[in-house]
Amino acid sequence: MRPLEEQLYPSTPGKFKDKTYYSVNRQFHRCFASTSTMFLWALFLIALTASYLSFQSFMDSGTRYLSSTWGSLHWEKQVRDSAQIHRVNGMSVLVTGAAGFVGTHVSLALKKRGDGVVGLDNFNNYYDPSLKKARKNLLNSQNIFIVEGDINDARMLAKLFDIVAFTHVMHLAAQAGVRYAMENPQSYVHSNIAGLVTLLEACKNANPQPAIVWASSSSVYGLNEKVPFSESDRTDQPASLYAATKKAGEEITHTYNHIYGLSVTGLRFFTVYGPWGRPDMAYFSFTRNILQGKPITIYRGKNRVDLARDFTYIDDIVKGCVGSLDTAGKSTGSGGKKRGPATYRIFNLGNTSPVTVPMMVGMLEKHLKVKAKKHTVDMLGNGDVPFTHANISSARKELGYKPTTDLQTGLRKFVRWYLSYYGYSQEKSVK
Ligand SMILES: O=C(O)[C@H]1O[C@H](OP(=O)(O)OP(=O)(O)OC[C@H]2O[C@@H](n3ccc(=O)[nH]c3=O)[C@H](O)[C@@H]2O)[C@H](O)[C@@H](O)[C@@H]1O
């Protein structure tokens with residue numbers, strides 16, 4: 001017996017025209033035609049869905065790739081452009097904490113003289129983020145790009161060093177503030193310890209390794225009573241967790257210098273103040289309260305002694321930072337290995353003339369032309385130290401550091417900025 005197909009399909013169908021064959025054939029064709037149409041439609045629909053989905057994912061990845069999020073093409077271009085050096089023997093500097101007070105001023109100064117500057121900031125809300133955004137806009141207007149990211153993000157840091165061979169890192173990102181450490185101790189560990197180590201790891205792995213200049217603090221002198229404070233004085237009695245994390249930073253950077261050949265310069269800043277300053281600091285919050293007619297609290301030390309600070313104007317600090325970058329020796333490591341000894345330095349950057357807090361308030365009253373409602377209380381074991389006073393002979397000798405702005409002049413400049421930034425007319429401030 002012939003197989004079914006042979007019965008239905010003769011070897012030469014054109015020659016053999018059997019009715020049975022034709023009717024079966026027609027039914028088969030109809031059936032086949034409708035099945036194949038359905039099949040084709042199904043195929044078409046599957047193809048359509050698949051291409052829609054892949055188009056979607058292409059668009060998603062394309063948008064990500066071309067947008068400003070880190071790792072995108074557009075982001076890389078912004079980083080590269082910002083790092084461009086525009087002077088002979090210039091440097092390309094990664095400034096962490098660039099939307100912060102000191103970071104903004106240092107970034108502007110470097111850019112102004114033709115160095116390449118890439119900023120990095122996590123824009124946290126420790127204080128009014130709108131002020132940080134305003135500083136960012138100021139930097140953007142000078143063609144300085146700020147990467148939004150955290151120094152704890154190792155992948156992002158590695159990417160940055162991949163894209164740019166930074167010659168220097170100006171590390172200013174930190175959790176600042178002496179008294180806030182009692183409220184949120186973990187934030188100090190996160191930024192000042194963990195973040196610092198993550199950054200140092202990235203610097204150690206970078207090829208070439210950058211030289212590092214970073215912000216320590218006058219608070220490391222803690223309960224030291226020898227005045228003025230010299231870099232060689234004891235710093236093993238911190239009075240606050242903030243101070244302890246800054247002191248730890250000095251030790252941690254030392255190990256990276258010792259093991260991996262990173263060039264390190266630590267700067268002990270003494271109560272820095274000025275335009276675009278930090279709203280959590282006394283001179284800033286006092287100004288706000290005085291203008292709003294609110295009372296201010298003035299802390300007083302043991303035996304009713306006034307507290308005093310070696311208040312240092314921002315422009316002087318900037319000169320110290322830039323001088324440190326300019327004189328920093330090169331890092332000597334590569335491939336994570338030290339190839340020779342590298343510089344390790346620590347400098348006080350102060351003003352050398354301490355002023356008591358009530359005197360500082362008196363100056364503000366004069367510039368604001370408003371009397372403060374003062375409320376004096378005894379210092380509450382809150383991490384504060386009674387006084388600070390910098391010996392700056394080392395910085396003077398090595399960096400050419402020479403502060404030139406006294407507190408009276410610096411506060412006048414600050415008040416002028418404050419009134420214009422917050423939209424006060426001079427009349428409004430006079431009561
Ligand atoms: O030099 C430093 O190392 C430190 O300087 C400042 O710390 P601090 O000197 O305590 O600055 P403020 O918070 O502005 O306080 C200045 C003075 O005003 C006093 N104060 C502060 C706040 C207040 O409400 N009342 C008051 O009398 C403080 O006790 C202190 O004596 C910064 O906040 C720290 O980040 C920095 O590291």
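**Figure 1. A salt bridge between K77 and D81 in helix 3 of the predicted model**. The side chains of K77 and D81 meet in a salt bridge in this predicted model, with a distance of 2.7 Å from N to O. Both residues belong to helix 3, which spans residues 73–83, and because they are four residues apart in that helix, about one helical turn separates K77 from D81. The structure as a whole holds 22 salt bridges.

**Figure 2. The backbone at N89, in the loop that follows helix 3**. N89 is found in the loop between helix 3 and strand 1, the latter comprising residues 92–96. Although N89 is not a glycine, its phi is positive, at about 60°.

**Figure 3. Strand 2, helix 5 and strand 3 in a β-α-β crossover**. Strand 2 (residues 116–121) and strand 3 (residues 145–148) run parallel and are joined by four bridges. Within this pairing, V118 stands opposite F145, a residue of strand 3. The chain leaves strand 2, passes through helix 5 (residues 129–141) and reaches strand 3, and the resulting β-α-β crossover is right-handed.

**Figure 4. Two cis peptide bonds, one leading to P208 and one joining V227 to P228**. The peptide bond from N207 to P208 is cis, with omega near 5°, and P208 lies in the loop that connects helix 7 (185–205) with strand 5 (211–217). A cis peptide bond also joins V227 and P228, where omega is about -10°. P228 has its place in the loop between strand 5 and helix 8, the helix that comprises residues 241–260.

**Figure 5. Contacts between oxygen atoms of the ligand and the protein backbone**. At A282, a polar backbone atom is 2.8 Å from an oxygen atom of the ligand. A backbone N or O atom of S219 lies 3.3 Å from an oxygen atom of the ligand, and for G177 the distance between a polar backbone atom and a ligand oxygen is 3.4 Å. Taken alone, the ligand exposes 700 Å², of which the protein buries 93%. Helix 9 (282–291) and strand 8 (295–300) are the elements that give two or more residues to the shell around the ligand.

**Figure 6. Composition of the shell around the ligand**. The ligand is surrounded by 22 residues, the closest of which are R179, S217, Y242, T271 and D384. By residue class, the shell divides into 12 nonpolar, six polar and four charged residues. Strand 8 contributes the most to this shell, with three residues.

Technical notes:
Residues numbered from 1 in each chain as written. Predicted model: local features only at pLDDT ≥ 70, side-chain atom pairs only at ≥ 80, totals over all residues. Heavy atoms only, no water. Near = heavy atom within 4 Å. Polar contact = N/O pair within 3.5 Å; in protein donor to acceptor, adjacent residues only side chain to side chain. Areas by Shrake-Rupley, 256 points an atom, 1.4 Å probe, with all protein chains shown as cover. Nonpolar A, V, L, I, M, F, W, Y, C, P; charged D, E, K, R; others polar. Pairing = 2+ DSSP bridges. Right-handed = clockwise from strand over helix to strand, strands pointing away. Salt bridge = Lys/Arg side-chain N within 4 Å of Asp/Glu carboxyl O.
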